[in-house]
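User: I'd like to learn how to read the features of a protein model. Could you walk me through one?
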Amino acid sequence: MSNPKLIEFRNVSFRYGDEQPWVLKNCSFEIYEQEWVAIIGHNGSGKSTIAKLMNGLLFPQEGEIYVAGKKVQEETIWDIRKDVGMVFQNPDNQFVGTTVQDDVAFGMENRGFPREEMLARLDDVLQAVRMEDYRLTEPHRLSGGQKQRVAIASVLAVSPKVLILDEATAMLDPRGRKDIMRTIVNLRANKDVTLLTITHDLQEIVQADRVIVMNEGQVWEESSPRALFSKQDALRGIGLDVPFIASLAKALKQYDIPVTKEPLNHEELLEDLWILHSKT
């Protein structure tokens, strides 16, 4: 990877108490600037603990974590939190303002941003998440997907180096999940930020640059989404559902229909089948 290293876990182990089992066991990986990395795993695999360790909400019992060259520890925690922004499952837990614009402005006010800069950033981030028409709306009047987009805008406004979305679509209906994924893709294209999405849904990893698969507190696999979908039986073996398109492509191959690659979406599969049809 040619981009500078942004986050590094070095042999990190963590548990929630001396008598508790290890949630993470000797976990090591790196994340680079401008990457979109998806961390996936079944419930209890350690993926959400990783997010809290990156942000200094937790500290490891063993190993070291570095963010932008700084070791995550008590002395650096506030600097780390300027670099690492987090959006959680339930956006209601992150609202503090009476309107959308008040909520997005809250973090900037706390950090002493000049008013002119605050107004410019407010316009910019609300436009980035397509919520500019709701700036005077009370948060409780928004849908779940809209609330989550405002939560993303509130974090983006203070310019973190990495934006972590920890199961950010878990409480949303299919339309809301699709809306958030479209927002993430847009941010990836237009914002200077590293993205880390944590999920158990393999449908949400197809556009990531790289995937880290967690299983029983350890890094089970690191690969591209396409390479990962070739390991369907192994993924099911650790409790992860494979997207329908990947399963369909595998079934077609079993019937001697030579799909040439692991399709990430239905457009790729249709293109592959069309090319095959044109040759016959």
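Analyst: Happily; we will go through strands, sheets, helices and a few backbone angles in turn. Please keep in mind that this is a predicted model.

User: Let's begin with a strand. How many of the residues of strand β9 are buried?

Analyst: The general idea comes first. In a regular strand the side chains alternate between the two faces of the sheet. Now the case here: β9 covers residues 210-215, and 6 of its 6 residues are buried, so the strand is largely enclosed by the rest of the structure. R210, I212 and M214 lie on one side, with V211, V213 and N215 on the other, and both faces are covered.

User: Which strands are joined to β9 by bridges?

Analyst: Strand β3 (residues 36-40) runs parallel to β9, and 4 bridges join the two. As an example to find on screen, A38 has V211 as its bridge partner in β9. Strand β10 (residues 218-223) is antiparallel to β9 and is joined to it by 5 bridges. There, M214 is partnered with V219 of β10. β9 and β10 make a hairpin with 2 residues between them, and E216 in the turn has a positive phi of about 50°.

User: What is the strand order of the sheet that holds β9?

Analyst: The order is β6-β7-β8-β3-β9-β10, an open sheet of 6 strands with mixed pairing. β6 (84-87) and β10 stand at the edges with a single partner strand each, so one side of each has no neighbour in the sheet. From one strand to the next, the twist averages 20°.

User: Which strand is joined to β3 by 5 bridges?

Analyst: That is β8 (residues 194-199), which runs parallel to β3. A38 appears again here, with T197 as its bridge partner in β8. Helix α6 (residues 174-190) packs on this sheet and touches β3, β7 (162-166) and β8. The direction of α6 makes about 145° with that of β3.

User: And are the residues of the edge strand β6 buried or exposed?

Analyst: They are buried: V84 and M86 on one side, G85 and V87 on the other, so to speak a strand with both faces covered. β6 runs parallel to β7, with 4 bridges between them. M86 has I164 as its bridge partner in β7.

User: What is the pairing in the sheet of 4 strands?

Analyst: The pairing is antiparallel, and the strands of this open sheet come in the order β2-β1-β4-β5. β2 (24-32) and β5 (70-71) are the edge strands, each pairing on one side only. Between β1 (residues 5-14) and β2 there are 6 bridges, and V12 has C27 as its bridge partner in β2.

User: Now a helix, please. Which residues of helix α9 are buried?

Analyst: Again, the idea first. An α-helix has 3.6 residues a turn, so residues three or four places apart point the same way. In α9 (residues 244-254), the buried residues include I245, A246, A249 and L252. Viewed down the axis of α9, the buried residues fall within an arc of 120°, so they line one face of the helix. The face turned away from that buried side carries F244 and Q254, which are exposed. After α9 comes D256, with a positive phi near 60°.

User: At what angle do helices α3 and α5 pack?

Analyst: Two packed helices are described by the angle between their axes and the distance between the axes. For α3 (residues 100-110) and α5 (residues 144-156), the angle is about 30° and the axes are 7 Å apart. V100, D103 and V104 of α3 meet V150, A153 and S154 of α5. The crossing of the two helices is right-handed.

User: Where is Q34, and what is its phi?

Analyst: Most residues other than glycine have a negative phi, and most peptide bonds are trans. Q34, in the loop between β2 and β3, has a positive phi of about 70°. Q34 is partly exposed, at 29% relative accessibility. N11 also has a positive phi, near 50°, and is placed in strand β1. The relative accessible area of N11 is 42%, which counts as partly exposed.

User: Finally, which residues does UniProt list for the domain?

Analyst: The unreviewed UniProt entry lists residues 7-241 as "domain: ABC transporter". Over that stretch the chain is 34% helix and 24% strand, with its end C-alpha atoms 28 Å apart.

Notes: Residues numbered from 1 in each chain as written. Predicted model: local features only at pLDDT ≥ 70, side-chain atom pairs only at ≥ 80, totals over all residues. Heavy atoms only, no water. Buried < 20%, exposed > 50% of the residue type's maximum accessible area, 1.4 Å probe, protein only. Pairing = 2+ DSSP bridges. Axes fitted to C-alpha atoms, helices over the stretch in contact; angles between N-to-C directions. Contact = heavy atoms within 4.5 Å. Arc of directions from axis to C-beta. UniProt positions renumbered as here; feature names shortened; annotations may be inferred. Left-handed = near helix turned anticlockwise from the far one by under 90°.
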